[in-house]
Amino acid sequence: MRLERQVAVITGGASGIGQASAMLLAQEGAKVALIDRDLAAAEATAMQVRAAGGEAIAFGSDVGQPGTADADAAAVLARWGRIDVLVCAAGYSVGGTVLTTAPEDWNAVFQANVGGTWLWARAVIPAMQAQGGGSIVTFGSQLALAGGRGNSAYIAAKGAILSLTRTLALDYAADKIRVNAIAPGAIETPMLSRSFARKDDPAAARAASEARHAMGRLGQAQEVAQSVLHLASSASSFTTGTTMVVDGGWLAA
């Protein structure tokens, strides 16, 4: 198992890519801590991990709220003594152009996506420094590289995460902390379903998204989780400060 005796924290661990990543990392031997605003759903995922023979705990926290990451990280350290992997999969999107996005929605998107990534990095890096290293996996988007319509706050936030990832990688390379981003294409998750539902014709929006990928389909959360596992494990020991694109050929099309 590639993560045996390691401890992984996964934000957004109750659904979508976060949930799939938690299940896969646990299968590979990691003890997993699930962070999500939906505590009941996080607990349900933790129960699935335990039913499969793994170890898991759940926290009902908003990753963008200052103080929650520090408290949850302290609880993980008190229980298991280390944090080897951080996966920042929690995300939030409201849709809208610059003119149609309310300031409070803009701030909420940045608080959840960029703020949550920043706060959790701050919370785990001291422990990783003390133990001699670790791996942080952040989440951008193919839209942060290609651009897109009608989702200005989310796309800007994901672009900020890619820049934050690079500077984190440089700042902590000497501490043997690797920091890499994943830029997924459109992945079959509850958040994507909500995005389609905001459109005048959700079915047409889904079909257009499928067609936009060179592979002609949406991605699955489990497919992205495989990339999370690669970046979390020693298989990527010489990889830091980069963005792994998992987009079914969106950027190539």
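Which helix holds both Trp 106 and Phe 110, and how many residues apart are they? I looked this up in what is a predicted model, and I found the two residues in helix α4, which covers residues 103-131, with a spacing of four residues, or about one turn of the helix.

**Entry: aromatic rings.** I searched for aromatic pairs and noted that the structure holds one. Trp 106 and Phe 110 form this pair, with 5.1 Å from centre to centre and 25 degrees between the planes, and I recorded it as stacked because the angle falls under the 30 degrees that the class requires. I then checked the cover of each partner: Trp 106 is partly exposed at 31% relative accessibility, and Phe 110, at 24%, is also partly exposed, because its value lies between the 20% limit for buried and the 50% limit for exposed.

**Entry: positive patch.** On the surface I noted a positive patch that is formed by Arg 37, Arg 194, Arg 198 and Lys 199. I followed Lys 199 further and placed it in the loop that runs between α7 (190-197) and α8 (202-212); its relative accessible area is 40%, so I entered Lys 199 as partly exposed.

**Entry: nonpolar patch.** I also listed a nonpolar surface patch made up of Leu 145, Val 245 and Leu 251, which together have about 230 Å² of accessible area. Of these I looked up Leu 145, which belongs to helix α5 (residues 142-146) and which, with a relative accessibility of 46%, counts as partly exposed.

Key. Residues numbered from 1 in each chain as written. Predicted model: local features only at pLDDT ≥ 70, side-chain atom pairs only at ≥ 80, totals over all residues. Heavy atoms only, no water. Patch = residues over 30% accessible without salt bridge, like charges linked within 9 Å, V, L, I, M, F, W, Y side chains within 5 Å. Areas by Shrake-Rupley, 256 points an atom, 1.4 Å probe, with all protein chains shown as cover. Salt bridge = Lys/Arg side-chain N within 4 Å of Asp/Glu carboxyl O. Lys, Arg positive; Asp, Glu negative; His and termini not counted. Charge placed at Lys NZ, Arg CZ, Asp CG, Glu CD. Buried < 20%, exposed > 50% of the residue type's maximum accessible area, 1.4 Å probe, protein only. Phe/Tyr/Trp six-rings, centres within 6.5 Å; stacked < 30°, edge-to-face > 60°.
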